[in-house]
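Okay, thanks everyone for coming. Let me put the structure up, and then I'll walk you through it.

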Amino acid sequence: MTQLILVGGPTLVGKSNFVDAVIGSGEEFVRPRSFTTRPRRPDEIRSEYEYISLDEFEHLKSEGVFVTVDEVYGNFYSIAYASIAEIVKTKKVAIKE
């Protein structure tokens, strides 16, 4: 069974809209909680991110907490193994842009 689907592409190509549509199409898909070093945007209403400092991010990274680590415009993004495990435990599929 698939545990994680990652959707990639250039900025503004529609990754979030695609993932939103997939999640909206059925109950089997869930967006895992992610970590980021960027500040919350004023218009953000989804709580899919855990906003942390760069020091905290580096510590968690060194502890092997993250499945993925990406840098975009100087900010870091990641998904924790535990977040995916929680989704898989409920027999659902994690999907993340």
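So, to start: how many bridges join strand β3 to β6, and do they run parallel or antiparallel? Three bridges join β3, residues 34–36, to β6, and the two strands run antiparallel. Before I go further, the small print. This is a predicted model, so local features need pLDDT of at least 70 and side-chain atom pairs count only at pLDDT 80 or more, while totals for chains, interfaces and linings use all residues. Residues are numbered from 1 along each chain as its sequence is written, and side-chain values use heavy atoms, with hydrogens and water left out.

A word on terms. Helices (H or I, at least four residues) and strands (E, at least two) are DSSP runs, numbered from the N terminus. Two strands pair if DSSP finds at least two bridges between them.

Back to β6. From β3, S34 has I79 as its bridge partner in β6. Strand β5, residues 66–72, is joined to β6 by six bridges, again antiparallel, and there V69 is partnered with S78. The hairpin of β5 and β6 has two residues between the strands, and Y73 takes a positive phi near 50 degrees. Now burial: buried means under 20% relative accessible area, exposed over 50%, and partly exposed in between, with a 1.4 Å probe and protein chains only. Five of the six residues of β6 (residues 75–80) are buried, so this strand is largely enclosed by the rest of the structure.

Next, the other sheet. It's an open one with three strands in the order β1-β7-β2, and the pairing is parallel. β1 (4–6) and β2 are at the edges with a single partner strand each, so one side of each has no neighbour in the sheet. Between β1 and β7 there are three bridges, running parallel, and L6 sits opposite K96 in β7. Helix α1 packs on this sheet, touching β2 and β7, and its direction makes about 155 degrees with that of β7. Those axes are lines fitted to C-alpha atoms, for helices over the stretch in contact, and angles run from 0 to 180 degrees between N-to-C directions.

Which residues of α1 are buried? In that helix, residues 15–25, they include K15, V19 and V22. These three cover an arc of only 60 degrees around the axis, which puts them on the same side of α1; the arc is that of the directions from the helix axis to the C-beta atoms. On the other side, N17, G24 and S25 are exposed. Among what covers the buried residues of α1 are β2 (29–30) and β7 (93–96), where contact means heavy atoms within 4.5 Å.

Last bit: salt bridges, meaning a side-chain nitrogen of Lys or Arg within 4 Å of a carboxyl oxygen of Asp or Glu. A search of the whole structure turns up three. R31 pairs with D20, closest N and O atoms 2.8 Å apart. That links the loop between β2 and β3, where R31 is, to D20 in helix α1, 11 residues apart. R31 counts as buried because its relative accessibility is 15%. R31 also forms a salt bridge with E97, at 3.3 Å between the closest N and O atoms. E97 is in the segment after β7, so this pair ties together parts that are 66 residues apart in sequence. Then E50 and R33 meet at 3.3 Å, N to O, with E50 in strand β4 (residues 49–51) and R33 in the loop between β2 and β3. And through shared partners, D20, R31 and E97 are joined into one network.
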